[in-house]
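Subject: Structure handover

Hello,

Here is the structure for you to take over. My notes on salt bridges, pockets and one buried side chain follow it.

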Amino acid sequence: MTFKTPFWSPSQASAILFDWDGVIADTRLDFSGIREKYYGHRRAMLLEDAHTLGPAREAMMSELEDIEVRGAERATWIVCARETLEWVNRVRKPWAIVSRNCKKSILAAAEVLGMKLPAVVRSRDDGDCVKPDPRALIETCGLLSVSPAQTLLVGDYIYDVMGARRAGMRSALVRDKIEPGWTEWLECSFSSMREFLENLENPSEFIPWEYKETAEKFGNDFLRRAHRIFIPLPQSPRPSLDAWVARAASLGAGGFLVKDEIFSPDMWRRNPSLDIAGMGLGLAETIGEFLRERWPFASVARSADRTVPFPPQDADGLPEFLSS
């Protein structure tokens, strides 16, 4: 089953990236000793904050690897993880492992599980960045020859969701209890891999994170109607062109009809949210790039099956306009 944009389902992803611990393998890692010894119990990011340790950094990284490898030696499958990977292979979706763990521990755990790892396995030993740095995810997508916008990341921690958001991909959090402060990051969540697998097999509809506020305020039917509309840009949008486009896109407008004109320096000065790199290029191209990172389901065109000739110049009038 597929869902009409802007609604989506994890099963529609062209490729899936899986976190390792807590999603595929249960290695029961406990880093509290490291936090106490090296970080004084503060909620530090163990890898990113390691540079603050000075000469103790090397010892900390060595102890961290030892904990991970010992955990790998007692690894067990997360319930329904094996069945989930079987589903992914059966429907022939490209997939990869992306983990903050060391490569040695992933290889060891896979051997204990009797698991054949995918061709692409990214650990902290691969490259200069790890989740939630989006480069780790974008580079993995490149190895799979898929677009981040068409990729789903499945993880069990806030770093996974943050990384996916920053990389411009969809995410699914698999975790029994969601901590306070995580909700605003979430696209969809499941209490277990069993529940996630059930959703892959019997898909349900989800609202993209960028439209959740609109759906909560105006309802799903409003969002469906709005997404069918391609809006021609008004002559003098208020308060500015970039703000007007952002407001219409956030309300779910399916796209924008843009005249064939150049994005000039003066236009950028009046619309600084648009990328300065677009100056001298087409306005349609510049607005397309602006939308791609923020509202990937919206598009830019010079013609459409359905056009509305007289959009309001003032962005405040867009909700009423899109609901008509």
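Arg 100 and Glu 48 form a salt bridge in this predicted model, with 2.9 Å between the closest N and O atoms. Arg 100 sits in the loop between strand 4 (95-98) and helix 4 (103-113), and Glu 48 in the loop between helix 1 (32-39) and helix 2 (57-72), so the pair ties together parts that are 52 residues apart in sequence. Arg 100 is buried at 15% relative accessible area, whereas Glu 48 is partly exposed at 28%.

A second loop takes part in the pair of Asp 160 and Lys 131, a salt bridge whose closest N and O atoms are 2.5 Å apart. Because Asp 160 belongs to helix 6 (residues 158-167) and Lys 131 to the loop between strand 5 (121-122) and helix 5 (134-144), this salt bridge ties together parts that are 29 residues apart in sequence. Both partners fall under the 20% cut-off for buried: Asp 160 has a relative accessible area of 4%, and Lys 131 has 2%.

The salt bridge between Asp 266 and Arg 270 has its closest N and O atoms 3.0 Å apart. These two residues are both in helix 11 (residues 265-270), 4 residues apart, so about one helical turn separates them. Asp 266 is partly exposed, with a relative accessible area of 37%.

There is also a network of salt bridges, which links Arg 165, Arg 170, Glu 187 and Glu 210. In total the structure holds 19 salt bridges.

Now the pockets. The largest pocket encloses about 890 Å³ of space. Its lining consists of 31 residues, and those nearest the centre are Phe 31, Arg 35, Asp 156, Tyr 157 and Tyr 159. Strand 2 (25-26), helix 2 and helix 6 are the elements that give two or more residues to this lining. Helix 6 provides the largest share, 3 residues. By class, the lining of the largest pocket divides into 15 charged, 12 nonpolar and 4 polar residues.

The second largest pocket has a volume of about 600 Å³. It is lined by 26 residues, with Ala 149, Gln 150, Gly 168, Arg 170 and Pro 296 closest to its centre. Arg 170 is also one of the residues in the salt-bridge network. Two or more lining residues come from each of strand 6 (151-155), helix 6 and helix 12 (283-294). Helix 12 gives the most to the lining of the second largest pocket, 4 residues. The classes here are 12 nonpolar, 8 charged and 6 polar residues.

The last item is Asn 271, in the loop between helix 11 and helix 12. Asn 271 is buried, with a relative accessible area of 2%. What does the side chain of Asn 271 have within 3.0 Å of a polar atom? The backbone nitrogen of Asp 242 lies 3.0 Å from a polar atom of that side chain. Leaving aside neighbours within four places in sequence, Asn 271 is in contact with Ser 240, Leu 241 and Asp 242.

Regards

Methods. Residues are numbered from 1 along each chain as its sequence is written. This is a predicted model: local features need pLDDT of at least 70, side-chain atom pairs count only at pLDDT 80 or more; totals for chains, interfaces and linings use all residues. Side-chain values use heavy atoms; hydrogens and water are left out. A salt bridge is a side-chain nitrogen of Lys or Arg within 4 Å of a carboxyl oxygen of Asp or Glu. Buried means under 20% relative accessible area, exposed over 50%, partly exposed in between (1.4 Å probe, protein chains only). On a 1 Å grid over the protein atoms alone, a cavity is a set of points where a 1.4 Å probe fits but cannot get out, and a pocket is an open set with protein on both sides within 12 Å along at least five of seven lines; lining residues have an atom within 4 Å of a point. Grid points are joined across faces, edges and corners, and a volume is the space filled by probe spheres set on the points. Ala, Val, Leu, Ile, Met, Phe, Trp, Tyr, Cys and Pro count as nonpolar, Asp, Glu, Lys and Arg as charged, and the others, Gly among them, as polar. A polar contact is a pair of N or O atoms within 3.5 Å; within protein, one must be able to donate a hydrogen and the other to accept it, and residues adjacent in sequence count only if both atoms are side-chain atoms. Contact means heavy atoms within 4.5 Å.
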